[in-house]
Amino acid sequence: MPKMNLTHFEAAVLFALFSSVVLGVITKRTDTERLRYGLRCFAYFVVALIGLGWLMHFGHG
Amino acid sequence: MLGKLNLMPSAPAKSEAPPQPTRSWYPVVGLGWLIPGGGYFLLKRPGRGALVLASVLCMFLLGLMMRGAMFQPQTGDILTTVIYVGGFIGDLASGLLYLLTIWLGYNQPDMAGHVHDYGTKFLVAAGLLNILGMVDAYEIAIGKKD
């Protein structure tokens, strides 16, 4: 098994991607709603990721 | 002022019969645990099954490639118990992926470093995503969801 080195950002985006796919699949009634919900979840993940990243940046001084 | 009179007969409300359970939920949940997304395949929803399978598989493989550690159940203070037993349950929830990995001798010690740390979290999260898929398949099997 090859070893993989990812940055914090890459790992967190991949985590967000796969989590959003599953969250989209298990919720809502129609495929369009599922797609929209999955995309929205992914966007929330990324916004939270970037926001928390900046918060930690300023928190460290 | 006179109140509004409702003289027109109202349209009969659409009565939607609740979805009937299609089959016993045991094989759906069992297969869903063993093979991520397997419950959906059994319920003839291959698209959703394939998406759950791909997501759980990718997350698990990424966790292995980042050399994440598998949790062993440990008890002690409440925090230790929650982390180690919870982590073990999360790992175990990946089903056959976890069992194969252990049977093939994967034994990564817990090491410092953000990549290993992410790997450990990916391995647990893969199992947690599979639990979400199992719960959804269970609800479809008992007729609570379409």
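Is A:K28 buried, partly exposed or exposed, and how many other C-beta atoms lie within 10 Å? A:K28 is partly exposed, with 15 other C-beta atoms within 10 Å. On this scale a residue is buried with 20 or more such atoms, exposed with 12 or fewer, and partly exposed in between, with C-beta atoms placed from the backbone.

A word on the model: it is predicted, so local features need pLDDT of at least 70 and side-chain atom pairs count only at pLDDT 80 or more, while totals for chains, interfaces and linings use all residues. Residues are numbered from 1 along each chain as its sequence is written, and chains are lettered from A and ligands numbered from 1 in the order in which they are written.

**Two lysines with positive phi**

Most residues other than glycine have a negative phi. Two lysines in loops go the other way:

| Residue | Phi | Loop |
|---|---|---|
| A:K28 | about 65° | between helix 1 (8-26) and helix 2 of chain A |
| B:K44 | near 60° | between helix 2 (38-42) and helix 3 (46-65) of chain B |

B:K44 is exposed, with 8 other C-beta atoms within 10 Å. Helices here are DSSP runs (H or I, at least four residues), numbered from the N terminus.

**Helix 2 of chain A**

This helix covers residues 31-60, and its end C-alpha atoms are 43 Å apart, in agreement with the 44 Å expected for 30 residues; the expected span is 1.5 Å times one less than the number of residues. Helix 2 of chain A is hardly covered, with one buried residue among its 30.

**Where the chains meet**

In all, 17 residues of chain A are in contact with 21 residues of chain B, contact meaning C-beta atoms, placed from the backbone, within 7 Å. The chain A side has 12 nonpolar, three polar and two charged residues. Here Ala, Val, Leu, Ile, Met, Phe, Trp, Tyr, Cys and Pro count as nonpolar, Asp, Glu, Lys and Arg as charged, and the others, Gly among them, as polar.

The largest nonpolar core (buried Ala, Val, Leu, Ile, Met, Phe, Trp, Tyr and Cys residues joined through C-beta atoms within 7 Å) has 39 residues, of which A:V22, B:M59, B:F122 and B:A126 touch the most other members. Helix 6 of chain B gives the most to this core, with 11 residues. Beyond its neighbours within four places in sequence, B:M59 is in contact with A:F18, B:F122, B:A125, B:A126 and B:L129.

Technical notes
Two residues are in contact if their C-beta atoms, placed from the backbone, lie within 7 Å. Helices (H or I, at least four residues) and strands (E, at least two) are DSSP runs, numbered from the N terminus.
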